[in-house]
Amino acid sequence: MKQILNSSLWKVGRGLLAITAFAGIVSLLPAAPIVYTFTVVAKTGDIISGKTLTGFKQPSFGANSPAINAGGNVAFYATYSDGAFVGEGIFTSDSLVLKNGDSVTGHTVDGISFVPALNDRGTVVVRCELSSQESAILASPILLAKAGDEIGGQTLTSFGLPAINNDGTVAFVGESPNGTGIFTQTAVVATSGESIEGLTLNSFGPPAINDRGTVAFQSWLSAKIATAIFTPTAVLVKVGDTIGGKTLTDLLFAPALNSSGTVAFMGVFSGGTGVFTQNALLEQTGDTIGGRKLTSFGSPVINDTGLVAFFATYAGGAGIFTQTSLIAKTGDTIGGKTLISLGQPAINASGAVAFTALFSDRSSAVVLARPVTVPTK
């Protein structure tokens, strides 16, 4: 069984570093901390569509989050057993969306990415490998693109992780003999060698796409400026910019994007790391949330109210946080089990957060945290 790891097209960055995000309007953010109720969406040993779940992609600092839509539906990667057979698939809480061995438009799925994307219509998009050794993007059960397809005059040979908006437009990194680029299923968004505001693109990280159809992406450059975040027509932020009094020396992981066009990203500066938008420094190492002084962070997720969820470590533990609240941490009890590790979160429009969890008995689960606002006293 082949498990597709994070795309080689995705330059994740160096080390265990800080990230969070904020998008949109500060006044929309809750003034008080939020408490959350927890639901176990799926756990090892559950049977879904006749498959016994045996594990989820375990917590790490790569992208391995489940996906969640506005309706609170969650899609996730899991391994399973079916008698003596062991496989991998993309599931929801009550159905099997896609598994290795499935036939899609005459092609057999041989490997599945750990990270699905999901929109409010319930469309699940995932990067796969076919038995022909070709990589592909599937919007189950439709084959959107595969190696050898031509989009915008570029013949694609491999793909990165996809993103999808509510109109069904899918954005992804694609590689061709001419280089790499950002594509949708019907068009070229940006390609290596192209210049945007005088900066020449070289390689790309995974894109984000919002409901206005705006695509944001990080590119590593051929000039002295090491990296920047772009839309197809503008430079949003670049190494060397000063935001909130901090001059950026690097940008890590992939940007998050909301429908107001605000990007949130991890920035490195002299003496620390922080979470930025193109206009503000939001969080940095040493800040305290929920009584924990944060020491390192994972990738950000953001909704259209500007609420951000992120993984972070602190002395003696780790947790899932927002700008104002500690959602869950190691040592907490969820479903009667003690949490010992967490994966990257996903967030929806109402602020519900989904994440993978590992427990002290070595079982694991996908957990959904729903917010309950605590009134300000």
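**Note on the pocket, cavities and backbone of an all-strand model**

1. The largest cavity has a volume of about 40 Å³, a value that, like every other in this note, was computed on a predicted model. A search of the whole structure finds two cavities of 30 Å³ or more.

2. The residues that line the largest cavity are Phe 56, Lys 57, Asn 64, Ser 65, Pro 66, Phe 76, Tyr 77, Phe 114 and Thr 356. Sorted by class, this lining holds five nonpolar, three polar and one charged residues.

3. The largest pocket has a volume of about 1100 Å³, and of the 45 residues that line this pocket, the closest to its centre are Ala 163, Ile 164, Val 301, Ile 302 and Ile 347. Two or more lining residues come from each of strand E5 (67-68), strand E11 (117-118), strand E18 (163-164), strand E24 (208-209), strand E29 (246-257), strand E34 (292-302) and strand E40 (346-347).

4. As to the chemical character of the lining of the largest pocket, its residues divide into 29 nonpolar, 13 polar and three charged.

5. For the fold as a whole, the protein chain has 42 strands and zero helices. Of its 377 residues, 55% count as buried, and among contacts between residues at least 6 apart in sequence, 49% join residues at least 24 apart. The protein chain exposes about 14300 Å², of which carbon and sulfur atoms supply 50%.

6. Two backbone positions deserve a separate comment. Most residues other than glycine have a negative phi. Thr 105, however, has a positive phi of about 50 degrees although it is not a glycine, and this residue lies in the loop between strand E9 (103-104) and strand E10 (107-113). Is Thr 105 buried or exposed? With a relative accessible area of 58%, Thr 105 is exposed, because the cut-off for that class is over 50%.

7. The second position is Arg 362, where phi is near 75 degrees, again a positive value in a residue other than glycine. Arg 362 is found in the loop between strand E41 (353-359) and strand E42 (364-373). Its relative accessibility is 59%, so Arg 362 counts as exposed.

Notes:
Residues numbered from 1 in each chain as written. Predicted model: local features only at pLDDT ≥ 70, side-chain atom pairs only at ≥ 80, totals over all residues. Heavy atoms only, no water. 1 Å grid on protein atoms, 1.4 Å probe; cavity = no way out; pocket = protein on both sides within 12 Å on 5 of 7 lines; lining within 4 Å. Points joined across faces, edges and corners; volume = space filled by probe spheres on them. Helix = DSSP H or I, 4+ residues; strand = E, 2+ residues; numbered from the N terminus. Nonpolar A, V, L, I, M, F, W, Y, C, P; charged D, E, K, R; others polar. Buried < 20%, exposed > 50% of the residue type's maximum accessible area, 1.4 Å probe, protein only. Contact = heavy atoms within 4.5 Å. Areas by Shrake-Rupley, 256 points an atom, 1.4 Å probe, with all protein chains shown as cover.
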